[in-house]
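Me: Please give a close look at the aromatic rings of this protein. I should like to know how they pair, whether they are buried or exposed, and what surrounds them.

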Amino acid sequence: MFSGKQTKPTFKSYLPPLQTDLKKSPQLPIKKLEAKLLPGEIVVNEANFVRKCIGADSGQDDLWGKLVCTNFKVSFISHNSLPQQRFQCTHRLLGEHDIPLACVEQVVTVNDVKGKQKILGSNQKLKFNPTELILYCKDFRIIRFRFDEAGPESAKKVCLAIAHYSHPADPQLLFGFEYVGKRYHGSAGERVNGVDPGGGLQTPLFDCSSDWDREIKRTGASEWRVCTINQGYFISPSLPEFFVVPVSLADQDLKQYACCFYSQRIPLWCWNHPCGSALVRMSNISDPQQQRKVEQRISSAITKSHPLRSDVFKSDLDKNLPNIQDIQAALLKLRQICVIESFEESEEKWLSSLESSRWMEYVRTFLRHAVEVVYMLESRHVSVILLEKEDRDLSCVISSLVQLMCDPHCRSLHGFQALIQKEWVMAGHRFLDRCNHLKKSDKEELWNQYPAAFEFTEVYLTVLGDSMWVPVFSTFLFNCPRQRAEHSRDFASSKSIHLGQDQALRFPPVWDWSQQFSLKDQTLFNNPLYVGKIATCLQNGTVKTFTHRRSKKNYSSTVRGLPSLMRNGSLGPNDTLTRRNSLVLRLRSDLSQVREQPETPSERFVRDFFSRAVDLQGLLLPQLLPSHLSVWKLYFLRWVPEAQIPHGGPVTAFHKLSVLTDEIEMLQNQLRQYKGAAGTANTSHAEHSKMYFKATSTPQQCPAPPEYLSSSFPFSPVGNLCRPGILGTPLSKFLNGAKIWLSTETLANETI
């Protein structure tokens, strides 16, 4: 039936033969995914084959990897990575996909099959197997993970671990204690905790009398002295050990009056105006029978400290400002319209939602009240007492705003850091409670005052907003210095850590930026256009002193670029707003029709200020009309991909200004060397440049535009917001070809 002769095959293949020899195509070894751990950090639980959601609806851009929960962070490790910005700021303590547990606000688990959803708290049980994990963060991020391929038990365990460790029951369970105990504890004879006290740190911590002495001399407060009666926190548990009081107030009087104030918070000196007026903060007097006597004694002492013996003006913040509950409700509504809820396609609806939250109204109220205090200090030459029931919340905001407006030193990097340290950290602001580091109740929602307090200090507070959630630093961990000292002593005793002379664990301060960023990344904090009071410049080959000339124009700082001739909200005859549907509402030219009440002295003071030329190193007042205020886009919308402008936005302006400033500095150095003005030998330009974006070696060479640069640089990578159903943002319809008015008063290069 079958012939023994083999037939010749007639099939011809036009495809190359399959490679079956494994030796000729070696497989690359699979790298094991492991989390990078800090000293004292341990892995609590983990789950493999987890998908991190990157895209809005489809999963083609999602990342696969391992989800790890440690006692410090939630870490996602993947072989792949997001499209990186070429010039991206790198954090030394956190990876690209790491989330500090202190930053997690809410942990939500979802089961798609059963249609169930549950908010997890500490020590809670989960009856269903989660298919999705959603992390709501305190910095407005929403991070989603899918467990489609992960084991149900491992998915459940890692979700429970994140919920448990993100809301510890005791401050000593915060990771900062383990980190400090492991990293900084040395053997006998070495530096205690491995920290050099004061080594290289230029920001005063105000934990010693010498820091307060320098601040007194800097502000010229000659009639004030450093008080030491609270050493060991003997008088008040929430005040620092050292603070400043009038010279005429004796220690014995202060000890006697302390019991009359809420929480024994004696009046604190904040700052002195050059005219001699003082800014003081004080809690209310709890004893009605002693109120009149104590107030007169305190006011008399402050009056004696003034060179003109001027009267004292008392500002009751509890009566003039919104309370904590109102601000909390406004912040929650703002979060809903910026992050949680889908954005409206209509810009008008989004703006009406923003208005109904009352967030901008409260920001304006804080700024307006701070201006009134500035008026009393600057124009009336009287000292001001900020009155608040416990002097730990609203006083921090107003005192800081006043100093930012009056003192140019507070608008510098080190000055601003010292301001936060003095008016918030050492003054006893309840960071542990307000930032909700310890979640005592699922129904308890606490508020964070940072955005409301300093909305116009964008760069500083965006960096601070990230750093404050890293519990390695104790700066924003506790309610007061005493609480920090007590918990550190108890922890050291339980771990048998030798404390030495400090008698407390020395946590690294957040102001030591070298622990978080490289020297190159720290240059991002620099403003390329900043010039101090006195700087040198070169004119016709001669080094001369440069001082700010008074400008003929006063440019406002708004999101849409208002006309330069606008004065206190009124338009000139030739001024028009650029767009019909602008975010800035068109102002009525005749304010007399709107204002029925006569102009107050403080309003006249503001109007006169804006009629004068700009003094960059003098007084700084904000525009107070509602149309002058804008949403802090770089903070509230930094995680929204639609709000990011590829190859545009404020960072593009920063890049161009940095290159230009660096080129000017390079040319000045060359001219000084040519004229013999430089006393030192020539060194490489790169070593002395303070700019993150540097000019080329020769002016003829044009620097190439940076790659992967967006308006979110350097604070958020592209696509870091992960949630379904993004319908668009108020800016979405402008991102596809329309012109966009930027916060830097510049226009993007796109054409309509």
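Reply: A residue counts as buried when its relative accessible area is under 20%, as exposed when that area is over 50%, and as partly exposed in between, with a 1.4 Å probe and protein chains only. The model is predicted: local features need a pLDDT of at least 70 and side-chain atom pairs count only at pLDDT 80 or more, while totals for chains, interfaces and linings use all residues. Residues are numbered from 1 along each chain as its sequence is written, and side-chain values use heavy atoms, with hydrogens and water left out.

The setting comes first. The protein has 22 helices and 16 strands; these are DSSP runs numbered from the N terminus, helices being H or I of at least four residues and strands E of at least two. Of its 752 residues, 51% are buried.

The rings themselves follow. A pair of aromatic rings is described by the distance of the centres and the angle of the planes. Rings of Phe, Tyr and Trp (its six-membered ring) pair if their centres lie within 6.5 Å; planes under 30 degrees apart count as stacked, over 60 as edge-to-face, and the rest as tilted. Across the whole structure, a search finds 19 such pairs. One of them joins W513 and F517, whose centres are 6.2 Å apart and whose planes meet at 35°, a tilted arrangement. Both W513 and F517 are buried.

A further pair, F654 with F693, is edge-to-face, with 6.2 Å from centre to centre and 70° between the planes. This pair links distant parts of the chain: F654 belongs to helix α20 (residues 650-675), F693 to the loop between α21 (685-688) and α22 (732-735), and 39 residues separate them. Why does F654 count as buried? Its relative accessible area is 17%, so F654 is buried. F693 has a relative accessibility of 3% and therefore counts as buried.

W513 and F517 also belong to an aromatic cluster, which is formed by F431, F476, W511, W513, F517 and F525. A charge can be placed against a ring as well: K520 lies over the face of Y692, 5.1 Å from the ring centre. For this, NZ of Lys or CZ of Arg must be within 6 Å of the ring centre and within 35 degrees of the ring normal.

What surrounds helix α20 can be followed through V651, which lies in that helix. V651 is buried, with a relative accessible area of 6%. Once its neighbours within four places in sequence are left aside, V651 is in contact (heavy atoms within 4.5 Å) with L709, S710, S711 and F713. P714 is 63 residues from V651 along the chain, yet the C-alpha atoms of V651 and P714 are separated by 8.6 Å. For the protein as a whole, among contacts with a separation of 6 or more, 71% are between residues 24 or more positions apart.

One last aromatic residue deserves mention for its backbone. Most residues other than glycine have a negative phi, and most peptide bonds are trans. F140, a residue other than glycine, has a positive phi near 80°. F140 is placed in the loop between β7 (132-137) and β8 (142-146), and its relative accessible area of 3% makes it buried.
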